[in-house]
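Thanks for making the time this morning. I would like to walk you through one model, and I will keep to the metal sites.

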Amino acid sequence: MTERFADPGVSLYQLATHFIVHCPKCDGKAQVLPFNGSWKLTCSKCFHVELPGHWYGSMTAYVSVKCRVCHQSISRSAEVTGEWAKLKVKCDECGDECEYEAKISRHYMHHGLMCDSVFGLPLWLQKEFRSDLFWAFNYEHLSLLEQYVRAKLRERGIENKGSKNSLMFSRLPTFITSAKNRGEILKLIEELSVK
Ligand SMILES: [Zn+2]
Ligand SMILES: [Zn+2]
């Protein structure tokens with residue numbers, strides 16, 4: 001049973017087949033599923049349906065240019081809330097102020113919560129664990145994590161250096177794989193598993 005978790009091909013990307021998130025309208029449980037080569041959000045509580053387009057998550061606008069007046073290198077980054085394409089930058093050298101085209105980066109963390117990569121909405125399956133954040137994209141991902149932790153529990157004390165299994169584990173945050181947390185992590189997973 002633990003064999004399939006030894007597959008080093010299982011990456012986070014492959015686990016992101018769909019997402020359980022907080023509905024942007026009612027905060028209820030919504031699913032983001034593949035749809036026509038893209039994605040579609042459907043809320044099971046208010047039945048809100050949404051196609052990708054708006055990013056609810058956190059974004060940073062970044063500008064790195066040469067001042068249009070004195071050609072001094074200037075840069076600025078700022079947290080943005082809308083789809084800003086421009087950012088006002090003031091040159092330290094000549095004092096010229098101008099809006100420059102900004103590069104927008106989307107972030108998966110927003111207000112300390114992990115978000116999906118389509119809408120930037122907070123994942124449903126997440127919980128703080130001391131100073132860390134435990135999260136899963138969906139119930140399959142959660143169940144995989146549970147099986148990892150259980151498998152590791154059985155292997156405790158057994159040296160498996162270089163095995164594929166330990167390679168897989170090496171990608172997980174240490175608070176999840178740490179032996180002393182396992183009991184509590186399993187309890188946390190159990191709480192999150194309640195649908
Ligand atoms: Zn809703
Ligand atoms: Zn300047």
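**Two zinc sites**

Let me begin with the zinc ion (ligand 2), which is coordinated by the SG atoms of Cys67, Cys70, Cys91 and Cys94, at 2.3 Å. Please keep in mind throughout that this is a predicted model. The angles subtended by the 4 donor atoms around the zinc ion (ligand 2) run from 103 to 114 degrees, and therefore the arrangement is tetrahedral. For comparison, the ideal angle for four tetrahedral donors is 109.5 degrees. Along the sequence, the donor residues of the zinc ion (ligand 2) show the spacing C-x2-C-x20-C-x2-C.

Are these donors buried or exposed, taking Cys91 as one of them? Cys91 has a relative accessibility of 2% and so counts as buried, the cut-off being under 20%. Cys94, on the other hand, has a relative accessible area of 36%, which makes this residue partly exposed.

Turning now to the zinc ion (ligand 1), which residues coordinate this ion? They are Cys23, Cys26, Cys43 and Cys46, each through SG, at 2.2 to 2.4 Å. Here the 4 donor atoms make angles of 104 to 114 degrees, and the site is again described as tetrahedral. The spacing of the donors of the zinc ion (ligand 1) along the chain is C-x2-C-x16-C-x2-C. Within that set, Cys23 and Cys43 link distant parts of the chain, 20 residues apart: Cys23 sits in the loop between β1 (19-22) and β2 (29-35), whereas Cys43 belongs to strand β3 (residues 38-43). Cys23 is buried, at 4% relative accessible area, and Cys43, at 1% relative accessibility, is buried as well.

Conventions. Residues numbered from 1 in each chain as written. Chains lettered and ligands numbered in written order. Predicted model: local features only at pLDDT ≥ 70, side-chain atom pairs only at ≥ 80, totals over all residues. Heavy atoms only, no water. Donors = N, O, S within 2.8 Å, 3.2 Å for Na, K, Ca; no water. Tetrahedral: all angles 85-135°; square planar, octahedral: opposite > 155°, others 65-115°. Helix = DSSP H or I, 4+ residues; strand = E, 2+ residues; numbered from the N terminus. Buried < 20%, exposed > 50% of the residue type's maximum accessible area, 1.4 Å probe, protein only.
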